Amino acid sequence: MPEVQTLPLEAGSPYELRVHLGDSVPERSVREALATGDMGFIHSYTTGSVVDGPGVRVVAWTTGCMWRCQYCHNPDTWTMSNGLPVSVTRAAEELGKYRQSLKVMSGGFTLNGGEPLMQHRFAAKLMAAVKRMGIHTAMETNGYLGDRLSDAEIDTIDLVMLGLKTWDPARHRALTGMDVAPTLAFARRLAARRRPIWLRFVLVPGLTDDMDDLARTAAFAAKLGSVERVEVLPFHQMGRYKWERLGLAYTLENVKPPSAELTEQAREVLRKAGLKAD
Ligand code: SF4
C-alpha cells in the first residue's frame, strides 16, 4: 500500500472536481481498508464551514455513494477511488489540532460525502476518535447503510444530518435510484435512541415540490420526536459542470432554483407539522 497522505485541511471545496486521487491504491488494499476502517478515502476538506452543523466546523467529504440522486452536486464523490487515501490515526491527529478553536466557536467536526457509511468502519473509527477528543461530531448521511453501525457507534455521533427526500417509495426510487425503507428505518432507530437529528431536504422545482408529499414526509418526521430542525436547501446548478466533465447524463439543465415564495411555502408545510424549519 502506498504511503498515506497528510491531511491537506486547507484543501479546497467540495465543488472542485476531483478524480483519480486514490488510483494508485491497489484494489486489494482498498478492500482491506474498507474492512478494517484503518484507512479512508477523502474527496476534500472544508475548514470554517457554518452550514454543515452547529457552529463553525471542519468538514471531511468522503468518496463513495451508492445513490444516484438526479440533483447530486458532487457526482465526483460517487467513486471511492476519487478520494485521497488517509489513515484514521492521521486524520484524528490533524483534527485534534482544531480542538480548542472548534470549542470556542461552538462547532465541531462533520463527516460528509459522498455517503460516509460506504466507508462505515472508517467512519465509525474516526467518529469515536474525534468524540474522545471532546470535539462535537456530526455526520451527514442518506441513512441507507445505517444498520452497519452498532448502537454504541451511533452514540458517538452527536448529530445525524439525514438527507430525507420523501417517505414515498416510488418517488424515492425515481429520485435516487434506491429504496427509501432503510433510510426510514435508520431514522426510527435514531429516534428510538433519542439521537438528535437534523433533516436536510433539497427543494427541486418539479421534482420535490409536491406539497402534499412533503406534508406526508413532514408527518413522518414529526412523529420521530427527535428531529430538531429541518433545513430546506434550495436546488442550485453549482454541480452541473461536474456531470458534464464526468460524461454523465444530467437531466436538470433546465431546472431553475426555487423562488423565495416556493421555499417559504415548503418551510410552512414543515412548520405546520410541528417541525422547526429554516
Ligand atoms: S446521497 Fe448525496 S452524494 Fe449520494 S447521490 Fe445523493 S446527493 Fe449525491
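The legends below describe close-up views of a predicted model.

**View 1. The residues around the ligand.**
In this predicted model, the residues around the ligand are Cys65, Trp67, Cys69, Cys72, Trp78, Gly114 and Asn142. Sorted by class, this shell holds five nonpolar and two polar residues, and there are no charged residues in it. The space that the ligand takes up is the largest pocket of the model. Two members of the shell, Trp67 and Trp78, return in later views, where their aromatic partners are described.

**View 2. A cis peptide bond at Gly114.**
Gly114, one of the residues around the ligand, is found in the loop that runs between strand β4 (108-112) and helix α4 (120-132). The peptide bond leading from Gly113 to Gly114 is cis, and its omega angle is near 20 degrees. For a reader new to these angles, it helps to remember that most peptide bonds are trans.

**View 3. Two residues with positive phi.**
Most residues other than glycine have a negative phi. Ser106, which has its place in the loop between α3 (99-104) and β4, is a residue other than glycine with a positive phi, near 50 degrees. Arg194, which lies in the loop between α7 (181-192) and β7 (197-203), also has a positive phi, in this case near 55 degrees. Ser106 has a relative accessible area of 54% and Arg194 one of 71%, and because exposed means over 50%, both residues count as exposed.

**View 4. The aromatic pair of Trp67 and Tyr144.**
The model contains three aromatic pairs. In the pair of Trp67 and Tyr144, the ring centres are 6.1 Å apart and the planes stand at 75 degrees, so the pair is edge-to-face, a term used for angles over 60 degrees. This pair links distant parts of the chain, since Trp67 belongs to the loop between β2 (57-62) and β3 (84-87), while Tyr144 belongs to the loop between β5 (136-141) and α5 (151-154), 77 residues apart. Trp67, with 1% relative accessibility, counts as buried, whereas Tyr144, with a relative accessible area of 23%, is partly exposed.

**View 5. The aromatic cluster of Trp78, Trp243 and Tyr250.**
Trp243 and Tyr250 form a tilted aromatic pair, with 5.3 Å from centre to centre and 55 degrees between the planes. Both rings belong to buried residues, because buried means under 20% and the relative accessible area is 6% for Trp243 and 12% for Tyr250. Together with Trp78, these two residues form one aromatic cluster, and Trp78 is also one of the residues around the ligand.

**View 6. Arg229 over the ring of Trp198.**
Here a charged side chain and an aromatic ring are shown together, with Arg229 lying over the face of Trp198 at 4.4 Å from the ring centre.

**View 7. Val25 and Pro85.**
Val25 has its place in the segment before helix α1 (27-36), and with a relative accessible area of 7% this residue is buried. Although Val25 and Pro85 are 60 residues apart along the chain, their C-alpha atoms are separated by 7.9 Å.

Methods
Residues are numbered from 1 along each chain as its sequence is written. This is a predicted model: local features need pLDDT of at least 70, side-chain atom pairs count only at pLDDT 80 or more; totals for chains, interfaces and linings use all residues. Side-chain values use heavy atoms; hydrogens and water are left out. A residue is near a molecule or strand if one of its heavy atoms lies within 4 Å of it. On a 1 Å grid over the protein atoms alone, a cavity is a set of points where a 1.4 Å probe fits but cannot get out, and a pocket is an open set with protein on both sides within 12 Å along at least five of seven lines; lining residues have an atom within 4 Å of a point. A molecule sits in a cavity or pocket if more than half of its atoms lie within 2 Å of its grid points. Helices (H or I, at least four residues) and strands (E, at least two) are DSSP runs, numbered from the N terminus. Buried means under 20% relative accessible area, exposed over 50%, partly exposed in between (1.4 Å probe, protein chains only). Rings of Phe, Tyr and Trp (its six-membered ring) pair if their centres lie within 6.5 Å; planes under 30 degrees apart count as stacked, over 60 as edge-to-face and the rest as tilted. A charge sits over a ring if NZ of Lys or CZ of Arg is within 6 Å of the ring centre and within 35 degrees of the ring normal.
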